[in-house]
Amino acid sequence: QVQLVESGGGLVQAGGSLRLSCAASGRTSSIVAMGWFRQAPGKEREFVAVFNWGGGGSYYADSVLGRFTISRDNAKNTVYLRMNSLKPEDTAVYYCAARTIVTESTFSSWGQGTQVAVSS
């Protein structure tokens with residue numbers, strides 16, 4: 001089992017920046033990728049970014065490409081999401097998720113979420 005804990009959310013003005021963190025614990029050696037998703041009020045959860053282990057690269061949703069950066073600190077078992085040039089439409093609960101060697105392409109572990117609110 002992998003446990004995930006997000007932090008770093010908050011309220012920011014449009015154009016501002018935030019950095020979200022996601023700390024993994026438990027069977028971290030089984031992780032093959034970690035990603036971020038978000039869910040705005042009244043909308044479905046959507047993919048934001050993913051960081052693949054082993055040189056698999058990072059990928060982003062078109063809506064955040066060029067503004068958000070996902071990175072990893074291997075020693076801390078932590079993944080970050082740096083969010084620049086924030087827009088009101090980025091307001092959502094942001095969730096961290098992990099894929100493992102067992103679940104392969106499925107994000108099977110999820111954090112509790114952290115709220116990001118961007119004011120205009």
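**A buried salt-bridge network and a disulfide in an all-strand chain**

At 0% relative accessibility, Asp90 counts as buried. Salt bridges that share partners join this residue with Arg38, Glu46 and Arg67 into one network. The model is predicted. A search of the whole structure finds three salt bridges.

Asp90 takes part in two of the pairings described here. Its salt bridge with Arg38 has closest N and O atoms 2.9 Å apart. This pair links distant parts of the chain. Asp90 sits in the loop between β8 (78–83) and β9, whereas Arg38 belongs to strand β4 (residues 31–39). The two are 52 residues apart. Both Asp90 and Arg38 are buried. For Arg38, the relative accessible area is 5%.

The side chains of Arg67 and Asp90 also meet in a salt bridge, at 2.7 Å from N to O. Here, too, distant parts of the chain are linked. Arg67 lies in the loop between β6 (57–60) and β7 (68–73), 23 residues from Asp90. Arg67 is buried, with a relative accessible area of 11%.

Glu46 pairs with Arg38 in a further salt bridge, with closest N and O atoms 2.6 Å apart. Glu46 is partly exposed, at a relative accessible area of 36%. Side chains of opposite charge can pair when their charged atoms come close.

The overall fold is built from strands. The chain has zero helices and eleven strands. Its C-alpha trace spans about 40 × 25 × 25 Å along the principal axes. A compact globule of 120 residues would have a radius of gyration near 14 Å, and the chain agrees with this at 14 Å. Buried residues account for 43% of the 120 residues. Of the contacts between residues at least 6 apart in sequence, 54% join residues at least 24 apart. The chain exposes about 6,200 Å², and carbon and sulfur atoms supply 48% of that area.

The structure holds one disulfide. Cys22 is joined to Cys96, with an S to S distance of 2.0 Å. The link is left-handed, with -80° about the S-S bond. Cys22 lies in strand β3 (residues 18–26) and Cys96 in strand β9 (residues 92–100), so the disulfide ties together parts that are 74 residues apart in sequence. Cys22 counts as buried at 0% relative accessibility. Cys96 is likewise buried, at 0%.

Strand β3 also pairs with β1, in the antiparallel sense and over six bridges. Within this pairing, Ala24 of β3 is the bridge partner of Leu4. In a regular strand the side chains alternate between the two faces of the sheet. Strand β1 (residues 2–7) shows such alternation. Val2, Leu4 and Glu6 point to one face and are buried. Gln3, Val5 and Ser7 point to the other face and are not buried.

Val2 is among the residues touched by Thr100, a residue of strand β9. Beyond residues up to four places away in sequence, Thr100 also touches Ser30, Ile31, Val32 and Ser108. Thr100 counts as buried, at 7% relative accessibility.

Gln13 offers a contrasting environment. This residue is placed in strand β2 (residues 10–13). At 61% relative accessibility, Gln13 counts as exposed. Gln13 touches Val118 and Ser119, with residues up to four places away in sequence not counted. The C-alpha atoms of Gln13 and Leu86 are separated by 7.6 Å, although the two residues are 73 apart along the chain.

Conventions: Residues are numbered from 1 along each chain as its sequence is written. This is a predicted model: local features need pLDDT of at least 70, side-chain atom pairs count only at pLDDT 80 or more; totals for chains, interfaces and linings use all residues. Side-chain values use heavy atoms; hydrogens and water are left out. A disulfide is a pair of cysteine sulfur atoms within 2.5 Å. Helices (H or I, at least four residues) and strands (E, at least two) are DSSP runs, numbered from the N terminus. Buried means under 20% relative accessible area, exposed over 50%, partly exposed in between (1.4 Å probe, protein chains only). Contact means heavy atoms within 4.5 Å. Two strands pair if DSSP finds at least two bridges between them. The radius of gyration is taken over C-alpha atoms; the globule rule is 2.2 Å times the number of residues to the power 0.38. Accessible areas come from the Shrake-Rupley method with a 1.4 Å probe; for residues, only the protein chains shown count as cover. A salt bridge is a side-chain nitrogen of Lys or Arg within 4 Å of a carboxyl oxygen of Asp or Glu.
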